[in-house]
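Morning, everyone. I have one structure to walk through today. Please have a look at it first.

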Amino acid sequence: MIIISHFSRWFRHFLGRALLLLDGLLVLRVVLKFFGANASALVVGFLYNVTDFFVGPFQSIFPDAFWRSHLVDLVTISAALGYVFVYFVIVAIIRAIFKEW
């Protein structure tokens, strides 16, 4: 039972770190789009290509929004919140399966 408890704790820790990294990349994407970063720049294009995979499932949820002529990327914001929700669901399932003493 101790091994399962350690695995459960390790897996939750791993998922938390992965979520932190993913949400950090998504927030960076939102900031770059808000300030109109040039997508043909190597670093910006790379970041957009990496995060496109994670933003794709949320693509048609919201239309583009603008605030004072700046793009507010609601799709990426909804993706970040969606992945936080998925994280908490997975953690709840892990806790239900591997009830820690």
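**Thr51, a salt-bridge network and a surface patch**

Let's start with Thr51, which sits in helix H2, residues 42-55. One caution before going on: this is a predicted model.

Is Thr51 buried or exposed? Thr51 is buried, because its relative accessible area is 0%, and the cut-off for buried is under 20%. What does its side chain reach? The backbone oxygen of Leu47, at 2.8 Å. A second backbone oxygen, that of Tyr48, lies 3.4 Å from a polar atom of the Thr51 side chain.

Now the neighbours. Leaving out residues up to four places away in sequence, Thr51 touches Leu25, Leu26 and Arg29.

Keep Arg29 in mind, as it leads to the next topic: charge pairs. Side chains of opposite charge can pair when their charged atoms come close. How many salt bridges does the structure hold? Two.

Take the pair of Asp52 and Arg29. Their closest N and O atoms are 2.9 Å apart. Asp52 belongs to helix H2 and Arg29 to helix H1, residues 2-34, so this salt bridge ties together parts that are 23 residues apart in sequence.

Next, Asp73 and Arg29. Their side chains meet in a salt bridge at 3.7 Å, N to O. Where does Asp73 lie? Asp73 is in the loop between strand E2, 70-72, and H3, whereas Arg29 is in helix H1, so the pair ties together parts that are 44 residues apart in sequence. Through shared partners, the salt bridges join Arg29, Asp52 and Asp73 into one network.

How covered are these three residues? Arg29 counts as buried, because its relative accessibility is 5%. Asp73 counts as buried too, at 6%. Asp52 has 37% relative accessibility, so Asp52 counts as partly exposed. The step behind that last call: partly exposed runs between the 20% limit for buried and the 50% limit for exposed.

Last stop, the surface. Which residues make the nonpolar patch? Phe85, Val86, Val89, Ile90, Ile93 and Ile97 make it, and the patch covers about 540 Å². Let me pick out one of them, Val86. Val86 is in helix H3, residues 74-97. Its relative accessible area is 40%, so Val86 is partly exposed.

To recap. Thr51 is buried in this model, and Arg29 is among the residues it touches. Arg29 also shares a salt-bridge network with Asp52 and Asp73. Val86 belongs to the nonpolar surface patch. That's it from me.

Note on methods: Residues numbered from 1 in each chain as written. Predicted model: local features only at pLDDT ≥ 70, side-chain atom pairs only at ≥ 80, totals over all residues. Heavy atoms only, no water. Helix = DSSP H or I, 4+ residues; strand = E, 2+ residues; numbered from the N terminus. Buried < 20%, exposed > 50% of the residue type's maximum accessible area, 1.4 Å probe, protein only. Polar contact = N/O pair within 3.5 Å; in protein donor to acceptor, adjacent residues only side chain to side chain. Contact = heavy atoms within 4.5 Å. Patch = residues over 30% accessible without salt bridge, like charges linked within 9 Å, V, L, I, M, F, W, Y side chains within 5 Å. Areas by Shrake-Rupley, 256 points an atom, 1.4 Å probe, with all protein chains shown as cover. Salt bridge = Lys/Arg side-chain N within 4 Å of Asp/Glu carboxyl O.
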